[in-house]
Amino acid sequence: MFLVKLKRKLSKYPLIFNFLSFIKLNLIGLYNSFFMMIFSLRFIDNHKIVIISYSGKGYSDNGKYIAEELLKRNNNLKIYWATTEKYKNSLPPDIHYTKMNSINYLYHLSTAKVWINNSRFVYGTRKRNKQYYIQTWHSSLRLKKIEKDAEESLNPQYIKTCKADSKMIDLIISGCEFSTNIYRNSFWYDGKILNCGTPRCDIFFNTKKMTSIKENLCNKYNIDPSKKIVLYAPTFRKNLNEIDTYINYEKLLHYLHDQYNLLIRFHPISNYSIDNKNIINVTDYPDMQELISICDFLITDYSGCCFDMLIKGGPCILFTKDKKEYFKKERNLYFSLEELPFPQAENEKELANLLENFPHKEYKINCLKFKNRIQLFETGNASKMVAEVVERECNDEKL
């Protein structure tokens, strides 16, 4: 908590913040390079895989679904998951835990045949010639511009890390043609792209699994299954203190007349909590896809999770209370809000009215048009396709 607060204060002074970021980046780079150079003297284990999600923040996202598919196949692969001690108990018994950024982690990273990551490796990470790096990224599609497309608004040290990371990538997976073009144009990458869909979205094609997850989550959080489930998931904001931009929960609950379960999932690094017995805070639940799979409505503002709800085929509403102020401070978008198929609400009364009178027929038509525009690759088989790539690489078979 102290470090988060310090980072917020320092971010107000760009010159100091960038200088300290530069020092930190190079110290981390030296640390990683030193140990990985030593461990490169060991043989590469063709049956070892290292997976990382959100720089070590738990067992989730694309890597989780690829790992589960690999475990089904009885292929004698050893899967190591890099995360913090906070999340190690969430790992299945067949997946080995390694502490993120530890010497043990660097050893496994140096000797694994395949790396799977949904974000960037830290600066100084060294990939050996016969290792294979699959970059899954952490969204099927995104609203805010990323990487090279947003270079002017990103930290120079992050850009340096991105360029070093992209040089190591052997394969990027893509969920739609629009994303494929983004990777080509903004990732400093000209290698192979597998147009297979998004592994984490395979869950939306498995009705039986979604039913089971709903039962488990209803028990875990005391959710009333007789009421519809509304999930509110706002995006990350640079100014984490802008609480007034969020929904007024008391007002929304008043309009809804206790007819819905209201779940809240804040951004993992927002450190914002809520104290209301009528609202269920699921921020600490690591798997966003499972939360989306159980909700009847998703409410977000400018988060890319709206596109996951599009793939699921469920109703999504954008709560755009602060859109004028937000886009003055944040990076540009790939789509204007008006191009998206999701209806917008600018206050709690409009939001409650949309929940009560959602235009399902019109929404379905608009979603179909948008899917055709971005050319989705989603079929529910992405995890299988990536698992096949992993197995071929581990068996030294040509793709």
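**Close-up views of charged pairs, a helix face and aromatic rings**

**View 1. Glutamate 85 and lysine 99 form a salt bridge, with their closest N and O atoms 3.7 Å apart.** Glutamate 85 belongs to the loop between S2 and strand S3 (96-99), and lysine 99 belongs to strand S3 itself, so the pair ties together parts that are 14 residues apart in sequence. The model shown here and in the other views is predicted. Glutamate 85 is partly exposed, at a relative accessible area of 48%. Lysine 99 is also partly exposed, and its value is 41%.

**View 2. A salt bridge joins the side chains of glutamate 69 and arginine 73.** The N to O distance in this pair is 3.0 Å. Is glutamate 69 buried or exposed? With a relative accessible area of 9%, glutamate 69 is buried, because that value falls under the 20% cut-off. Arginine 73, by contrast, is partly exposed, with 27%. Through salt bridges that share partners, Glu69 and Arg73 belong to one network with Lys72 and Glu391.

**View 3. Aspartate 45 and lysine 78 meet through their side chains in a salt bridge of 2.4 Å, N to O.** This pair links distant parts of the chain, 33 residues apart: aspartate 45 is in strand S1 (residues 45-52), and lysine 78 is in strand S2 (residues 78-83). Lysine 78 has a relative accessibility of 31% and counts as partly exposed. How many salt bridges does the structure hold? The total is 17. Side chains of opposite charge can pair when their charged atoms come close.

**View 4. Helix H6 (residues 177-186) has buried residues at Ser179, Thr180, Ile182, Tyr183 and Ser186.** Seen down the axis of H6, these buried residues fall within an arc of 160 degrees, so they line one face of the helix. What covers the buried residues of H6? The cover includes strand S6 (171-174) and strand S7 (192-195). Just after H6 comes tryptophan 188, which takes a positive phi of about 50 degrees.

**View 5. Phenylalanine 39 and tyrosine 107 are one of the 22 aromatic pairs in the structure.** Their rings are edge-to-face, with 85 degrees between the planes and 5.4 Å from centre to centre. Phenylalanine 39 lies in helix H2 (residues 14-39) and tyrosine 107 in helix H4 (residues 103-111), so the contact ties together parts that are 68 residues apart in sequence. Phenylalanine 39 counts as buried, at 15% relative accessibility, whereas tyrosine 107 counts as partly exposed, at 23%.

**View 6. Aromatic side chains, among them Phe178, Tyr260 and Phe297, form one cluster.** Phe307, Tyr334, Phe335 and Phe342 belong to this cluster too. Phe358, Tyr363 and Phe370 are also members. Phe178 falls within the residue range of helix H6, 177-186.

**View 7. The charged end of lysine 48 sits over the ring of tyrosine 80.** The distance from this charged end to the ring centre is 5.4 Å. Lysine 48 falls within the residue range of strand S1, and tyrosine 80 within that of strand S2.

**View 8. The charged end of lysine 220 sits over the ring of tyrosine 221.** In this pair, the charged end is 5.5 Å from the centre of the ring.

Terms used. Residues numbered from 1 in each chain as written. Predicted model: local features only at pLDDT ≥ 70, side-chain atom pairs only at ≥ 80, totals over all residues. Heavy atoms only, no water. Salt bridge = Lys/Arg side-chain N within 4 Å of Asp/Glu carboxyl O. Helix = DSSP H or I, 4+ residues; strand = E, 2+ residues; numbered from the N terminus. Buried < 20%, exposed > 50% of the residue type's maximum accessible area, 1.4 Å probe, protein only. Arc of directions from axis to C-beta. Contact = heavy atoms within 4.5 Å. Phe/Tyr/Trp six-rings, centres within 6.5 Å; stacked < 30°, edge-to-face > 60°. Lys NZ or Arg CZ within 6 Å of the ring centre and 35° of its normal.
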